[in-house]
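Here is a walk through one protein structure, meant for someone seeing it for the first time. The sequence and the model come first, and the explanation follows.

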Amino acid sequence: MGRWMRPEVYPLLAAMTFVTSLCTFQLVRNVLQNPDVRVNKAHRKMAVLDNREEGMKYAEHGFRKFLRTRPPEIMPTINHFFSQDN
């Protein structure tokens, strides 16, 4: 039995797998944690939900809190190297 996939396809397959997993993660996150998505029947009956705390919890997630404490630099080592006076 011969090779069924060319080796040139592997990087494309890896990129597509990564992008598909990101899309799946975002979809699952929105379905399970977004306060605007109503899966529960009791919540669907209400026209307006009073869920400010739930919305703030969704918007202020842990990754955003972590980034708020970091300096706004993409590559701090390189920035520091080129900004020093010689």
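This is a predicted model. A good place to start is Pro-35, which sits in the loop that links helix 1 with helix 2, the latter covering residues 41-45. Pro-35 has a relative accessibility of 10%, and because buried means under 20%, Pro-35 counts as buried. The C-alpha atom of Pro-35 is separated by 9.9 Å from that of Ala-59, although their positions lie 24 residues apart along the chain.

Asn-34 belongs to the loop between helix 1 and helix 2 as well. With a relative accessible area of 18%, Asn-34 is buried. Leaving aside residues up to four places away in sequence, Asn-34 touches Arg-29 and Tyr-58.

From this loop, the view can widen to the whole chain. The protein has 86 residues, and 8% of them are buried. Pro-35 and Asn-34 are among the buried ones. The accessible surface amounts to about 8500 Å², and carbon and sulfur atoms account for 63% of that area. As for secondary structure, there are five helices and zero strands. Followed along the sequence, the pattern reads α-α-α-α-α.

Helix 1 runs over residues 10-33. A UniProt entry, which is unreviewed, lists residues 12-32 as "transmembrane region". In the model, the span of residues 12-32 is 100% helix and 0% strand, and the C-alpha atoms at its ends lie 30 Å apart.

Leu-32 is part of helix 1. Is Leu-32 buried or exposed? Its relative accessible area is 66%, and since exposed means over 50%, Leu-32 is exposed. Leu-32 also contributes to a nonpolar surface patch of about 550 Å². The other residues that make this patch are Leu-27, Val-28, Val-31, Val-37 and Val-39.

Next come the charged side chains. How many salt bridges does a search of the whole structure find? The search finds one. The partners are Glu-60 and Arg-68, whose closest N and O atoms are 2.8 Å apart. Glu-60 has a relative accessible area of 24%, so it is partly exposed, a class that lies between the buried limit of 20% and the exposed limit of 50%. Arg-68, at 54% relative accessibility, counts as exposed. The salt bridge therefore joins a partly exposed residue to an exposed one.

The last feature concerns aromatic rings. The structure holds one aromatic pair. In this pair, the ring centres of Phe-81 and Phe-82 are 5.1 Å apart and the ring planes stand at 75°, so the arrangement is edge-to-face. The reason lies in the angle, because planes over 60 degrees apart count as edge-to-face. Both Phe-81 and Phe-82 are exposed.

To review the main points, the model has five helices and zero strands, with Pro-35 buried in the loop after helix 1. Leu-32 takes part in the nonpolar surface patch, Glu-60 and Arg-68 form the salt bridge, and Phe-81 and Phe-82 form the edge-to-face pair.

Methods:
Residues are numbered from 1 along each chain as its sequence is written. This is a predicted model: local features need pLDDT of at least 70, side-chain atom pairs count only at pLDDT 80 or more; totals for chains, interfaces and linings use all residues. Side-chain values use heavy atoms; hydrogens and water are left out. Patches are made of residues with over 30% relative accessible area and no salt bridge: like charges are joined within 9 Å, nonpolar side chains (Val, Leu, Ile, Met, Phe, Trp, Tyr) within 5 Å. Accessible areas come from the Shrake-Rupley method with a 1.4 Å probe; for residues, only the protein chains shown count as cover. A salt bridge is a side-chain nitrogen of Lys or Arg within 4 Å of a carboxyl oxygen of Asp or Glu. Helices (H or I, at least four residues) and strands (E, at least two) are DSSP runs, numbered from the N terminus. Buried means under 20% relative accessible area, exposed over 50%, partly exposed in between (1.4 Å probe, protein chains only). UniProt positions are given in the numbering used here, feature names are shortened, and annotations may be inferred rather than shown by experiment. Rings of Phe, Tyr and Trp (its six-membered ring) pair if their centres lie within 6.5 Å; planes under 30 degrees apart count as stacked, over 60 as edge-to-face and the rest as tilted. Contact means heavy atoms within 4.5 Å.
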